[in-house]
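Open the model in your viewer and keep the sequence panel visible. Each stop below gives a selection, then what is there.

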Amino acid sequence: YYIADIPGLGWLAQFYVTHYIHYLAAILILALVAYLTIDYLILQRKHLRLTASGYVRGAILAGILVSGILLVIRNLAESRFGPQFIIFLDLAHLGLVMTFLMVTGYCLVKKKRWITQR
């Protein structure tokens, strides 16, 4: 895509740099999702409820996490995923991320919240 040719973005052409940044971001997202899910289920469930847009964004985010975890498992030496399934996982992960960004942008513009008071 020649994005690494843009001045200051040459680091994007280095596979291992972007690979580790992706994994670090995934760790942070997994930790944040785990924390917020446990907090909601244990402490906030009686006082707050998920909105319809919260359920939609949560489902998309769950799809991103599951496809990402399966892609990490694919990188293990003993995994036996077929080539068609790997392509499906790659496209699903990318498509879900793009969908999540668009839905989140829409919700931001329309001021739709994840949760509301009971």
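Partly exposed is the class between buried, under 20% relative accessible area, and exposed, over 50%. F81 has a relative accessible area of 28%, so F81 is partly exposed. Keep in mind throughout that this is a predicted model.

**Stop 1: the aromatic rings**

Stay on F81 and add F85. Their ring centres are 5.2 Å apart and their planes stand at 80°, so this pair is edge-to-face. Planes over 60 degrees apart earn that label. F85 has a relative accessible area of 34%, so F85 is partly exposed too.

How many aromatic pairs does a search of the whole structure find? It finds four. Now select F15 and Y16. Their ring centres lie 5.1 Å apart with the planes at 75°, so F15 and Y16 are also edge-to-face. Are F15 and Y16 buried or exposed? F15 counts as exposed because its relative accessibility is 54%. Y16 is exposed as well, at 56%. Add Y20 to the selection: F15, Y16 and Y20 form one aromatic cluster.

**Stop 2: helices α1 and α2**

Select residues 15–44, which make up helix α1. Then add helix α2, residues 52–74. The axes of α1 and α2 come within 12 Å and cross at roughly 135°. The two helices are therefore oblique to each other. The crossing is left-handed.

Show side chains at the contact. From α1, pick Y23, I29, L30 and V33. From α2, pick L61, L65 and V72, which they meet. By class, this contact has seven nonpolar residues, no polar and no charged ones.

**Stop 3: helices α2 and α3**

Keep α2 and add helix α3, residues 83–110. Here the axes are 9 Å apart and the packing angle is about 150°. Angles over 145 degrees count as roughly antiparallel. α2 and α3 are therefore roughly antiparallel to each other. Their crossing is left-handed.

Which residues of α2 meet α3? Among them are S53, V56, R57, I60, L61, G63 and I64. Further along α2, S67, G68, L70, L71 and R74 take part. On the α3 side, the contact includes F85, I86, L89, D90, H93 and L96. V97, T99, F100, V103, T104 and C107 of α3 belong to it too. By class, there are 14 nonpolar, seven polar and three charged residues in the contact. L61 and F85 may look familiar: L61 also meets α1, and F85 pairs with F81.

**Stop 4: S67**

Zoom in on S67, in helix α2. Buried or exposed? S67 has a relative accessible area of 4%, so S67 is buried. Leaving out residues up to four places away in sequence, S67 touches L89, H93 and L96. L89, H93 and L96 are among the α3 residues of the previous stop.

**Stop 5: L48**

Finish at strand β1, residues 48–50, and select L48. L48 counts as buried because its relative accessibility is 12%. Which residues is L48 in contact with, leaving aside neighbours within four places in sequence? They are Y40, I115, T116, Q117 and R118. Draw a C-alpha to C-alpha distance from L48 to Q117. These two residues are 69 apart in sequence and 4.6 Å apart in space.

Definitions and conventions. Residues are numbered from 1 along each chain as its sequence is written. This is a predicted model: local features need pLDDT of at least 70, side-chain atom pairs count only at pLDDT 80 or more; totals for chains, interfaces and linings use all residues. Side-chain values use heavy atoms; hydrogens and water are left out. Axes are lines fitted to C-alpha atoms, for helices over the stretch in contact, and angles run from 0 to 180 degrees between N-to-C directions. Helices (H or I, at least four residues) and strands (E, at least two) are DSSP runs, numbered from the N terminus. Angles under 35 degrees count as roughly parallel, over 145 as roughly antiparallel, 65 to 115 as roughly perpendicular and the rest as oblique. A crossing is left-handed if the near helix is turned anticlockwise from the far one by less than a right angle, and right-handed if clockwise. Contact means heavy atoms within 4.5 Å. Ala, Val, Leu, Ile, Met, Phe, Trp, Tyr, Cys and Pro count as nonpolar, Asp, Glu, Lys and Arg as charged, and the others, Gly among them, as polar. Buried means under 20% relative accessible area, exposed over 50%, partly exposed in between (1.4 Å probe, protein chains only). Rings of Phe, Tyr and Trp (its six-membered ring) pair if their centres lie within 6.5 Å; planes under 30 degrees apart count as stacked, over 60 as edge-to-face and the rest as tilted.
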